[in-house]
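This report introduces a protein structure to a reader who has not met it before. It moves from the backbone of single residues to the whole fold, then to one strand and to the aromatic rings.

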Amino acid sequence: MSNSIKIKKGKILVYRVFDVGDDIDLEMASRILEQSSSPLRFRLKRESRAMVIKNAPLLLSLGSWEHNYFGQECNVESVGKLWHFGVFSICFSITLPEDLPWNRLIDFAAYLENDGTLDQVARQKTHDLMVQISSVIKNRNVIFDFYEDYMVHFIESVEGLDGNANQIFQKANVHALILAETRDRDTLSDHVKQPINDSTFQYTIKDLAVIDWNSALVIEPNSSMDVPDVIEFALCQLLEMRYYDDVLDEKLASLYNSVDTKKKGILNTLYASLAEEAGQKYLEISELIENVENSMKVVGDFYLATIFRATLKRFRFGDWQISVDNKLNNLVDVSKLLHGEVHEKRGIVLELTIIFLIAIECIPLFVSLFK
């Protein structure tokens with residue numbers, strides 16, 4: 001079945017997305033990169049006009065090179081995007097050899113899925129960029145082991161496919177490609193295939209988008225990069241939610257540990273400082289998350305909006321969002337509890353002070369009684 005399908009023109013888009021800080025001043029970053037005399041050259045590009053994004057990202061050309069895959073030289077072009085909410089995403093565009101058989105494409109996908117070379121390149125390019133623009137990143141903190149990855153099989157021309165692009169499911173093993181499955185490619189169950197079938201979209205009969213949690217297939221005869229751009233943006237949103245989920249875990253654990261281990265005397269100011277810290281952290285993280293969520297109102301095109309929502313659903317973005325919201329509420333509850341403890345202790349101190357003052361006032365009375 002798959003042997004009758006050959007890729008005439010296409011590429012594999014490999015994404016690596018890193019959280020680099022809380023916020024990036026894109027205008028200042030652009031000025032720094034344009035004036036840079038570093039051996040690492042950045043060529044600025046215009047952002048995509050296909051999406052309506054608050055504070056559109058800054059696009060950077062990170063260089064291109066030739067690499068040998070399966071005995072064939074393939075061009076690899078790398079492009080980065082700086083997002084104002086503290087994310088740097090890199091897309092490696094690997095041009096596919098002409099007349100590549102579909103089964104060979106599956107092997108290629110599986111190889112890239114397990115190859116760590118692009119991970120190393122992505123980390124190095126991210127590090128080099130961060131060194132240059134560190135002054136315009138708020139709370140810069142790059143964790144190279146914490147990132148999102150994704151793969152898009154972007155096909156512009158296919159031999160053996162006429163008419164409706166959806167026929168690719170009958171003529172090629174799309175499910176094995178999406179799952180990068182080589183060993184059991186011909187024995188995948190319907191249970192595994194069904195979610196992939198349910199995440200298939202078309203704007204015209206000539207194009208196709210199949211979205212899964214770790215990779216996608218996009219057939220686009222017009223070479224439009226709109227759908228990959230939407231997927232990349234959703235990937236950035238997912239990374240931010242995962243990051244803030246971890247931040248909240250650490251902050252809550254730290255607060256609980258501080259409450260359990262510190263002494264709790266009446267004159268101890270621990271609760272007051274912890275309550276202030278919890279309230280401040282809630283405001284900081286809420287503002288950052290709101291910044292991310294406001295950027296989600298992005299797509300003016302109905303079809304792309306559908307793709308965006310479907311991608312977030314496959315990424316289980318809603319689960320992460322609920323988790324973050326719950327932990328923010330927990331942080332509020334902790335802050336209220338600590339403030340309650342502070343007010344209670346202050347009330348006790350006030351009562352003791354009043355009793356003490358009354359006692360002092362009574363001293364002359366007792367003295368006069370015993371004269």
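A residue is called buried when its relative accessible area is under 20%, exposed when that area is over 50%, and partly exposed in between. The model discussed here is a predicted one.

## Two residues with positive phi

With that cut-off in hand, Arg-316 counts as exposed because its relative accessibility is 54%. Arg-316 belongs to the loop between H9 and H10, and its phi is near 55°, a positive value in a residue other than glycine. Phe-70 likewise is a residue other than glycine with a positive phi, near 55°. The loop that holds Phe-70 runs between E4 and strand E5 (72–83), and because its relative accessibility is 35%, Phe-70 counts as partly exposed.

## The protein as a whole

The protein contains 10 helices and 12 strands, and 46% of its 371 residues count as buried. Its accessible surface comes to about 19000 Å², and carbon and sulfur atoms account for 51% of that area. Among contacts in the protein with a separation of 6 or more, 76% are between residues 24 or more positions apart.

One such pairing of separate stretches can be followed from Gln-132, a residue of helix H3 (residues 117–133). Its C-alpha atom is separated by 7.6 Å from that of Ile-32, although the two residues are 100 residues apart along the chain. Gln-132 counts as buried because its relative accessibility is 17%.

In soluble globular proteins, nonpolar side chains tend to be buried together. Here the largest nonpolar core has 55 residues, and Leu-82, Trp-102 and Ile-168 are those with the most contacts inside it. Helix H2 (residues 102–114) supplies the largest share of this core, with six residues. Another core lies apart from it and has 45 residues, including Tyr-15, Val-17, Val-227 and Leu-238.

## Strand E12 and its partners

Where do the side chains of E12 point, and are they buried or exposed? In a regular strand the side chains alternate between the two faces of the sheet. In E12, Ser-215, Leu-217 and Ile-219 point one way, Ala-216 and Val-218 point the other way, and all are buried. Strand E12 covers residues 215–219, and since five of its five residues are buried, the strand is mostly covered.

E12 has a parallel partner in strand E9 (residues 147–159), to which five bridges join it; in this pairing Phe-154 stands opposite Val-218. E12 also pairs with strand E11 (residues 208–211), here in the antiparallel sense and over four bridges, with Val-210 as the bridge partner of Leu-217. Three residues lie between E11 and E12, and the two strands form a hairpin.

## Aromatic rings

How many aromatic pairs does a search of the whole structure find? The search finds 15, and the table sets out two of them.

| Aromatic pair | Centre to centre | Angle between planes | Arrangement |
|---|---|---|---|
| Trp-65 and Phe-92 | 6.2 Å | 70° | edge-to-face |
| Tyr-150 and Phe-315 | 5.5 Å | 75° | edge-to-face |

The pair of Trp-65 and Phe-92 links distant parts of the chain, with Trp-65 in strand E4 (residues 58–69) and Phe-92 in strand E6 (residues 87–95), 27 residues apart. Trp-65 counts as partly exposed because its relative accessibility is 27%, whereas Phe-92 counts as buried because its relative accessibility is 0%.

Tyr-150 lies in strand E9 and Phe-315 in the loop between helix H9 (302–314) and helix H10 (317–369), so their pair ties together parts that are 165 residues apart in sequence. Both Tyr-150 and Phe-315 are buried. The loop of Phe-315 is also where Arg-316 is found.

Ring pairs also link Tyr-69, Phe-70, Phe-108 and Tyr-111 into a cluster. Phe-70, already described for its positive phi, has Arg-104 over the face of its ring, at 4.5 Å from the ring centre. Arg-242 lies over the face of Phe-146, likewise at 4.5 Å from the ring centre.

How values were computed. Residues are numbered from 1 along each chain as its sequence is written. This is a predicted model: local features need pLDDT of at least 70, side-chain atom pairs count only at pLDDT 80 or more; totals for chains, interfaces and linings use all residues. Side-chain values use heavy atoms; hydrogens and water are left out. Buried means under 20% relative accessible area, exposed over 50%, partly exposed in between (1.4 Å probe, protein chains only). Two strands pair if DSSP finds at least two bridges between them. Rings of Phe, Tyr and Trp (its six-membered ring) pair if their centres lie within 6.5 Å; planes under 30 degrees apart count as stacked, over 60 as edge-to-face and the rest as tilted. A charge sits over a ring if NZ of Lys or CZ of Arg is within 6 Å of the ring centre and within 35 degrees of the ring normal. Contact means heavy atoms within 4.5 Å. Accessible areas come from the Shrake-Rupley method with a 1.4 Å probe; for residues, only the protein chains shown count as cover. A nonpolar core is a set of buried Ala, Val, Leu, Ile, Met, Phe, Trp, Tyr and Cys residues joined through side-chain atoms within 4.5 Å.
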